[in-house]
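Visitor: I'd like a close look at one loop in this chain, picked by you. Start there, then work outward through whatever connects, and give me the cut-offs as you go.

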Amino acid sequence: MVKLDKNEISFPDPLQYDGHEGIIAFGGDLSVERIWFAYQHGIFPWFNPGEEILWWCPDPRFVLFPKELKVSKSMQKILDRKTFTITENQNFEEVIYNCGTIGRKGQDGTWLSQDLMNAFIKLHHYGLAKSVEVWLEDQLVGGLYGLQVRNVFCGESMFSKVSNASKAGFIHFVQNHINDFSLIDCQSHTEHLESLGAKMISKKDFLNILHQDL
């Protein structure tokens, strides 16, 4: 792994460097500028709060091509009944707060530190980070957020307080933006997203798609 200098925003070339289990660098800081630079090069932070910042670019990469989205019959019925009201960019801070405090199956605690949340909130103010809110009546019961980098939406985290809320929000978002993004970056494998059509592709293929509009 490469140790980053806090005074210089740079990363090793993900195509030229294969780190341990996808970790290509550590250290640096969580400035808005560094995070945005990282995502433009297919790199994302993922670490336990209080520990060293780790920067990842795994190979293979878990992604969803929007036109390959799979919606089960039972899920389609929920969407057709309009059980949930779904909005975008209406309450980013509440969405990221819930992602950082509500545990997910198979995970101990949360990886979202306060510094990282603050950085993404700033990115949202710049129009780069986006959220999806899922409401049941007037209560926020689910949501997700991520960064748009050119033709790719880099999904960061999601939460759900009631069954199917985050899944409904994700499906709604993908269907509403099916022609806007070449792919949705899901970063690491989950059965939840695999059931919706996400799959592994090589790091090289992912980076080629990420950079195709440059």
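Guide: Let's park at Pro60, which sits in the loop between strand S4 (54–56) and strand S5 (61–64). Helices (H or I, at least four residues) and strands (E, at least two) are DSSP runs, numbered from the N terminus. Before we go on: this is a predicted model, where local features need pLDDT of at least 70, side-chain atom pairs count only at pLDDT 80 or more, and totals for chains, interfaces and linings use all residues. Residues are numbered from 1 along each chain as its sequence is written, and side-chain values use heavy atoms, with hydrogens and water left out.

Back to the loop. The peptide bond joining Asp59 and Pro60 is cis, with omega about 5 degrees. Step along to Arg61 in strand S5 and you meet a partner from a distant part of the chain: Asp185 in strand S10 (residues 183–187), 124 residues apart. Their side chains form a salt bridge at 2.8 Å, N to O; the term covers a side-chain nitrogen of Lys or Arg within 4 Å of a carboxyl oxygen of Asp or Glu. Arg61 is buried at 2% relative accessible area, and Asp185 is buried too, at 1%. For those words, buried means under 20% relative accessible area, exposed over 50%, partly exposed in between (1.4 Å probe, protein chains only).

By that salt-bridge rule the count comes to three. One of them pairs Glu68 with Lys199 at 3.3 Å, N to O. It also links distant parts of the chain, with Glu68 in the loop between S5 and H2 and Lys199 in strand S11 (residues 199–201), 131 residues apart. Here Glu68 is partly exposed at 36%, and Lys199 is partly exposed at 34%. Another joins Asp29 and Arg34, 2.7 Å from N to O. Asp29 is partly exposed at 23%, whereas Arg34 is buried at 0%.

Arg34 leads us to a helix pairing. The axes of helix H1 (residues 32–40) and helix H4 (residues 114–125) come within 9 Å and cross at roughly 75 degrees. That makes H1 roughly perpendicular to H4. The axes are lines fitted to C-alpha atoms, for helices over the stretch in contact, and angles run from 0 to 180 degrees between N-to-C directions; under 35 degrees counts as roughly parallel, over 145 as roughly antiparallel, 65 to 115 as roughly perpendicular and the rest as oblique. On the H1 side, Val32, Ile35, Trp36 and Tyr39 make the contact, and H4 brings Leu116, Ala119, Phe120, Lys122 and Leu123 (contact means heavy atoms within 4.5 Å). Sorted by type, these residues give eight nonpolar, no polar and one charged. In that scheme Ala, Val, Leu, Ile, Met, Phe, Trp, Tyr, Cys and Pro count as nonpolar, Asp, Glu, Lys and Arg as charged, and the others, Gly among them, as polar.

Two more loops deserve a backbone check. Between helix H2 (73–80) and strand S6 (85–88) lies Lys82, a non-glycine with a positive phi of about 55 degrees. Lys82 is exposed, with 66% relative accessible area. Asn164 isn't a glycine either, yet its phi is positive at about 75 degrees. You'll find Asn164 in the loop between strand S9 (152–160) and helix H5 (165–176), partly exposed at 27%.
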